[in-house]
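User: I am new to this structure and would like a close look at its enclosed cavities, together with some of the buried residues. Please explain each term as you go.

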Amino acid sequence: MVSTADDLEKSVVFMEKIKSVIHEEPTLTDPILVEGLPGVGNVGKLAAEHLLDQLKAVKLADIYSVHFPPQVVLDDDGVAKLVNNEVYYSKSEDGSRPDLLIVVGDFQGLTPEGQYDISDYLLQMAMKYNVKRIYTLGGYGVGKILDDPRVLGAATSLELVEEMKEKGVIFSKGEPGSGIVGASGLLLGLGKIYGMDAVCLMGETSGYFVDPKGAEAVLRILSSLLNVEIDFTDLESKAEQIDAIASKLKEMETPQLDEAPPEDLRYIG
């Protein structure tokens, strides 16, 4: 079968490793980038999605990539959608808070190369909007159920560390011991190379299930940093449902759960 020039052009576009579909091109003033992709306990994903819902953020772009799993997801009506990441924006109406870019999505990259490519792609997009600060959100797996999760931090400078400490973020030597894996870590490391200040906020979580309590802890810190008012009712309701499950798990806890968590749980995603 002979391909036309148009066919070849479509084929090249289809085979791009990363492709974005831009829905809006807003004018933003030095926005802050907030990332909340799936990871341990889905802490970052829950926090970021709750934030964009509260702010009624507007979709800026869909990002598709061969680095994501080869699948579609279905909505409640059975309609299929290719897995992707999404970028939303929210402008401050009165200047009381910064403009925001918020990254959420179905998956992170499947491979180290994919993680790097997608993180760099997001940063290139952020540079177009003059982003100077990044907050990445994730879960820190501790291997046991917690009633009052801490929010641990990592930052790209000592000045940022001190700033975060004033907001209640914990910087504990040796935590997380195995570093920060995935987008939450790469956006810090690559962002620093690009001259952006970057902070990772890590909500403690058992790592056993989706953790709205860890997400709420992270979002309370973030809302203070951004000067954003958040209604936590929905997250608190979800946390109560998880607590009901956790109470049953506690009854079945073994002594091993009081020991140090397995190494593979001690990371951020």
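Analyst: What follows begins with how far the model can be read, then turns to the cavities and afterwards to three buried residues.

This is a predicted model, in which local features need pLDDT of at least 70 and side-chain atom pairs count only at pLDDT 80 or more, while totals for chains, interfaces and linings use all residues. Residues are numbered from 1 along each chain as its sequence is written, and side-chain values use heavy atoms, with hydrogens and water left out. The chain averages a pLDDT (the predictor's confidence in each residue, from 0 to 100) of 88, and 86% of the residues score at least 70. Over residues 1-5 the pLDDT stays under 50, and the model has one contact (heavy atoms within 4.5 Å) beyond four places in sequence for them. Residues 7-13 also stay under 50, with two contacts beyond four places in sequence. Where pLDDT is low, the predicted coordinates should not be read in detail.

A search of the whole structure finds three cavities of 30 Å³ or more. A cavity here is a set of points, on a 1 Å grid over the protein atoms alone, where a 1.4 Å probe fits but cannot get out, and its lining residues have an atom within 4 Å of a point. Grid points are joined across faces, edges and corners, and a volume is the space filled by probe spheres set on the points.

The largest cavity holds about 110 Å³ of space. Its lining is made of 14 residues, and I145, L146, F209, D211 and K213 are those nearest its centre. Two or more lining residues are given by each of β10 (197-205), α6 (212-226) and α7 (233-251), where helices (H or I, at least four residues) and strands (E, at least two) are DSSP runs numbered from the N terminus. The largest share, four residues, comes from α7. By class, this lining has seven nonpolar, three polar and four charged residues; Ala, Val, Leu, Ile, Met, Phe, Trp, Tyr, Cys and Pro count as nonpolar, Asp, Glu, Lys and Arg as charged, and the others, Gly among them, as polar.

The second largest cavity has about 40 Å³ of space, and its lining consists of L37, Q108, G109, G114, Q115, I118, S119, L122 and A183. Helix α3 (residues 112-128) gives the largest share of that lining, five residues. Four of the lining residues are nonpolar, five are polar and none is charged.

S119, one of the residues lining this second cavity, lies in helix α3. S119 is buried because its relative accessible area is 2%, where buried means under 20%, exposed over 50% and partly exposed in between (1.4 Å probe, protein chains only). A polar atom of the S119 side chain lies 2.9 Å from the backbone oxygen of Q115. Not counting residues up to four places away in sequence, S119 touches A183, L186, L187 and L190.

Two further buried residues can be described in a similar way. D99 lies in the loop between β6 (85-90) and β7 (100-105), and D99 counts as buried because its relative accessible area is 5%. The D99 side chain has a polar atom 2.7 Å from the backbone nitrogen of S92, and beyond four places in sequence D99 touches L28, T29, P31, I32, S90, K91 and S92.

G153 is found in strand β9 (residues 151-155) and is buried, at 8% relative accessibility. G153 and C200 are 47 residues apart in sequence, yet their C-alpha atoms are 5.6 Å apart in space. Leaving aside neighbours within four places in sequence, G153 is in contact with V169, I170, F171, C200 and M202.

Methods
A polar contact is a pair of N or O atoms within 3.5 Å; within protein, one must be able to donate a hydrogen and the other to accept it, and residues adjacent in sequence count only if both atoms are side-chain atoms. On a 1 Å grid over the protein atoms alone, a cavity is a set of points where a 1.4 Å probe fits but cannot get out, and a pocket is an open set with protein on both sides within 12 Å along at least five of seven lines; lining residues have an atom within 4 Å of a point.
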